[in-house]
Amino acid sequence: MELDFERCYRAVDSRDQRFDGWFYTGVTSTGIYCRPSCPAVTPKRQNVRFFPSSAAAQGAGLRACRRCRPDASPGSPQWDVRADVVGRAMRLIADGVVDRAGVPGLAAQLGYTERHLHRMLRAELGAGPLALARAQRAQTARTLIETTDLGMAEIAFAAGFGSVRQFNDTVREVYAAAPSQLRTGRRPAAGGAGTVSLRLAYRPPLHAVALLDFLARRTLPGVDEVRDGTYRRGLRLPHGTGEAALTPAEGYVAATLRLTDLRDLSPAVARCRRLLDLDADPVAVDQTLGADPALAAAVAAEPGVRVPRAVDGFEMAVRAIATQQVSLASARTTLTHLLTHL
């Protein structure tokens, strides 16, 4: 993917948060990469390189900035909405397919050869599937280090690493710190074994009321519920089951995940982000819709409306079919009867 240097540099110089996740700023003089909105002093032009993904920046030998934590920024909206193989590949990598089935498994699901898949990902994102999966494993490891009291060996395998040595080497390379240093001074959140609390970043604005209202109208007993500003639901994940509690807040969604197997952390996070459409660019959406005279007033009055999705494709299909045949209320009744007889 071609990145225009002047446009990217202007975004960095103005610390524009709208571009977080769209690209990453590499500073060759310091050996780090940042978000465009990083509050540090704007680097000189001759010391700057721009990358389409954090994996590409890491592949160039740069480590993540400790101040702005670019690896935790929202995903690029372009990855989420693309209809081609790259968009689907990113969603599958986020769901942990490479960790479970390797690159051959990813290529088989997409219907392409490994070589062609690698070529397309390199052209769009500057990194191959292994590098993209490695970047994700590093972020998962950091989340587990900072939010749980698990031992480092348990974290290594839960994050998808093949060995503790690989885990140590990757964390040192990506964060320029040993795993134990990332935990220093941080107190794991209470909640018990298998419970992880973290923040899911998004691009503001977020119309949380509309989001929760949409989900509340479609809740099913024993599957999900909305109560006290929090959406709770069960999850069916690759290695077991889980539960998610999602509470919208200013600048992030607070997520509490209870997992039977911590290897499912990355898939659970990816599905929750997709459910709430957290990788969308609401400013661009509102600008496009606001250009229509029939929608301009509504968009201006309630900015940040998103398109809620689902954590499971089959579930979404069943809900869509039932709702199209009858009213929403009748569909809930029908699906509730279906659940009680399963």
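**Exercise 1. Place G59 in this predicted model and decide whether G59 is buried or exposed.**

Step 1. Find the element. G59 sits in helix α2, which covers residues 54–59.

Step 2. Read the accessibility. The relative value for G59 is 67%. Exposed means over 50%, so G59 counts as exposed.

Step 3. Look across the sequence. G126 is 67 residues away from G59 in sequence. In space, their C-alpha atoms are 8.7 Å apart.

**Exercise 2. Classify how α4 and α5 are oriented to each other.**

Step 1. Locate the helices. α4 spans residues 85–94, and α5 spans residues 97–110.

Step 2. Take the geometry. The angle is about 160°, and the axes lie 10 Å apart.

Step 3. Apply the cut-off. Angles over 145 degrees count as roughly antiparallel. α4 and α5 are therefore roughly antiparallel.

Step 4. Add the handedness. α4 passes α5 in a right-handed crossing.

Step 5. List the residues that meet. From α4 come V85, R88, A89, L92 and I93. From α5 come V97, V98, L106, Q109 and L110.

**Exercise 3. Do the same for α15 and α16: which orientation class applies?**

Step 1. α15 runs over residues 313–325, and α16 over residues 328–340.

Step 2. Their packing angle is about 130°. The axes are 8 Å apart.

Step 3. Compare with the classes. Over 145 degrees would be roughly antiparallel, and 65 to 115 roughly perpendicular. The angle of about 130° fits neither class, so α15 and α16 are oblique to each other.

Step 4. The crossing of α15 past α16 is right-handed.

Step 5. V318, R319, A322 and T323 are the α15 residues that meet α16. Their partners in α16 are L328, A331 and L335.

**Exercise 4. Describe helix α7, then the setting of R137 within α7.**

Step 1. Check the length. α7 has 19 residues, 129–147. From first C-alpha to last, α7 reaches 27 Å, close to the 27 Å expected at 1.5 Å a residue.

Step 2. Check the cover. Of the 19 residues in α7, 17 are buried, so the helix is mostly covered.

Step 3. Turn to R137. At 12% relative accessible area, R137 is buried, because the cut-off is under 20%.

Step 4. Name the contacts. Neighbours within four places in sequence are set aside. R137 is then in contact with D99, L130, A159, G160 and F161.

**Exercise 5. Work out the surroundings of D20.**

Step 1. D20 lies in the loop between α1 (5–13) and β1 (24–27).

Step 2. Its relative accessible area is 6%, so D20 is buried.

Step 3. Find the polar partner. The side chains of D20 and S37 make a polar contact at 2.7 Å.

Step 4. Collect the touching residues, without those up to four places away in sequence. They are R35, P36, S37, S73, P74 and R203.

**Exercise 6. Sort out the backbone features at R69, D228 and P205.**

Step 1. R69 is not a glycine, yet its phi is positive, near 50°. R69 belongs to the loop between β4 (63–64) and α3 (77–81). With 22% relative accessibility, R69 counts as partly exposed.

Step 2. D228 also has a positive phi, about 55°, and is not a glycine. The loop between β6 (224–227) and β7 (230–237) holds D228. At 74% relative accessibility, D228 counts as exposed.

Step 3. The peptide bond from P204 to P205 is cis, with omega near 0°. P205 is in the loop between β5 (195–201) and α11 (208–216).

Conventions. Residues are numbered from 1 along each chain as its sequence is written. This is a predicted model: local features need pLDDT of at least 70, side-chain atom pairs count only at pLDDT 80 or more; totals for chains, interfaces and linings use all residues. Side-chain values use heavy atoms; hydrogens and water are left out. Helices (H or I, at least four residues) and strands (E, at least two) are DSSP runs, numbered from the N terminus. The expected span of a helix is 1.5 Å times one less than its number of residues. Buried means under 20% relative accessible area, exposed over 50%, partly exposed in between (1.4 Å probe, protein chains only). A polar contact is a pair of N or O atoms within 3.5 Å; within protein, one must be able to donate a hydrogen and the other to accept it, and residues adjacent in sequence count only if both atoms are side-chain atoms. Contact means heavy atoms within 4.5 Å. Axes are lines fitted to C-alpha atoms, for helices over the stretch in contact, and angles run from 0 to 180 degrees between N-to-C directions. Angles under 35 degrees count as roughly parallel, over 145 as roughly antiparallel, 65 to 115 as roughly perpendicular and the rest as oblique. A crossing is left-handed if the near helix is turned anticlockwise from the far one by less than a right angle, and right-handed if clockwise.
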